[in-house]
Amino acid sequence: MKREKDKVLDPQEVMERIATAGKPVVAGIEEKDVKHWATIYIMGRGYRVPADLTILTAIEYAGYKFIRGCGCREGFCGACSTVYRLEGDYKLHTGMACQTRVEDGMYLVQIPFTPAVKAAYDINREEYKVNVFFKYYPELARCISCNTCTKSCPQGLQVMDYIQAAIKGDFKKVADESFDCIQCGLCALRCPAEIVQYNVAQLGRRMYGKYGGREPEHLIERIREIDAGAFNQEMDEITSLDRAELEKRYAERRREAD
Ligand code: SF4
Ligand code: SF4
Ligand code: FES
């Protein structure tokens with residue numbers, strides 16, 4: 001069977017896909033075509049929804065429109081954090097609404113934003129030492145190793161481990177372990193020590209990127225070219241095009257082989 005990515009797509013089809021990405025996908029579901037239903041509770045109110053929808057599409061099916069709390073719909077942007085309980089289960093579950101399927105008896109609430117302090121710093125002025133973590137996030141010292149953050153992470157990251165690595169000043173481990181963090185905020189929401197794990201991780205990745213890794217030669221070379229004006233003419237031309245010509249060029253662009 002030919003895989004989707006092996007298909008040669010018509011440029012028009014590509015443009016249509018881009019234009020419709022991010023739009024609700026529940027329009028057109030006919031009740032008569034739905035085989036299984038689930039009852040879910042959105043902020044306390046019950047709704048009957050098709051059982052194979054994600055939480056995100058089920059909420060839309062129930063008639064809500066997302067203004068915040070929804071972005072990529074693909075599990076990457078971290079905007080659709082959800083907290084829920086299941087009937088007869090005492091546990092508070094967490095997940096991304098666009099990646100989690102509804103279950104019968106789900107009590108849901110969306111968390112479009114987690115209130116969390118984000119320190120302002122200039123990594124060029126910081127020392128590559130453990131102190132930098134405690135300087136900006138002293139609450140790290142309160143971690144009680146309860147592992148709640150790891151259990152809350154929809155990305156399956158070892159959050160407690162990268163926090164422990166930060167406490168020890170292991171920048172590489174913080175960067176490696178937190179690499180797939182989508183900043184959804186669910187770990188911070190549940191931390192009894194009020195640590196904002198993802199901001200700690202971001203500081204760690206930035207410091208490691210600046211001081212711990214190798215110099216990115218190709219990037220440095222490209223920045224030098226940009227500064228020297230090597231792409232100015234091309235950029236001026238592109239920014240002067242109208243939408244139709246831009247779309248045409250996008251569809252016809254050269255692409256790297258898979
Ligand atoms: S939830 Fe907070 S206190 Fe518990 S392990 Fe994670 S960072 Fe430490
Ligand atoms: S580490 Fe925290 S913010 Fe990052 S994806 Fe996991 S739960 Fe979300
Ligand atoms: S909408 Fe982006 S992760 Fe769910």
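**View 1. The shell around ligand 2 in this predicted model.** No charged residue sits in this shell, which splits into nine nonpolar and five polar residues (nonpolar: Ala, Val, Leu, Ile, Met, Phe, Trp, Tyr, Cys and Pro; charged: Asp, Glu, Lys and Arg; polar: the others, Gly among them). Of the 14 residues here, Cys-153, Cys-181, Cys-184, Cys-187 and Tyr-198 come nearest; to be near, a residue needs its C-beta atom, placed from the backbone, within 6 Å. H7 and H8 each chip in at least two shell residues (helices are DSSP runs of H or I with at least four residues, strands are E runs of at least two, both numbered from the N terminus).

Numbering starts from 1 along each chain as its sequence is written, with chains lettered from A and ligands numbered from 1 in the order in which they are written. Local features need pLDDT of at least 70 and side-chain atom pairs count only at pLDDT 80 or more, while totals for chains, interfaces and linings use all residues.

**View 2. The shell around ligand 1.** Here 15 residues gather, the closest being Cys-143, Cys-146, Cys-149, Cys-191 and Ala-193. Again nothing charged: 11 are nonpolar and four polar. H4 (148-152) and H5 (159-168) each bring at least two residues, and H5 has the largest share, with three.

**View 3. Ile-163 and its contacts.** Beyond neighbours within four places in sequence, Ile-163 is in contact with Leu-140, Cys-143, Cys-149, Ile-195, Gln-197 and Val-200 (contact: C-beta atoms, placed from the backbone, within 7 Å).

Technical notes:
Contact = placed C-beta atoms within 7 Å.
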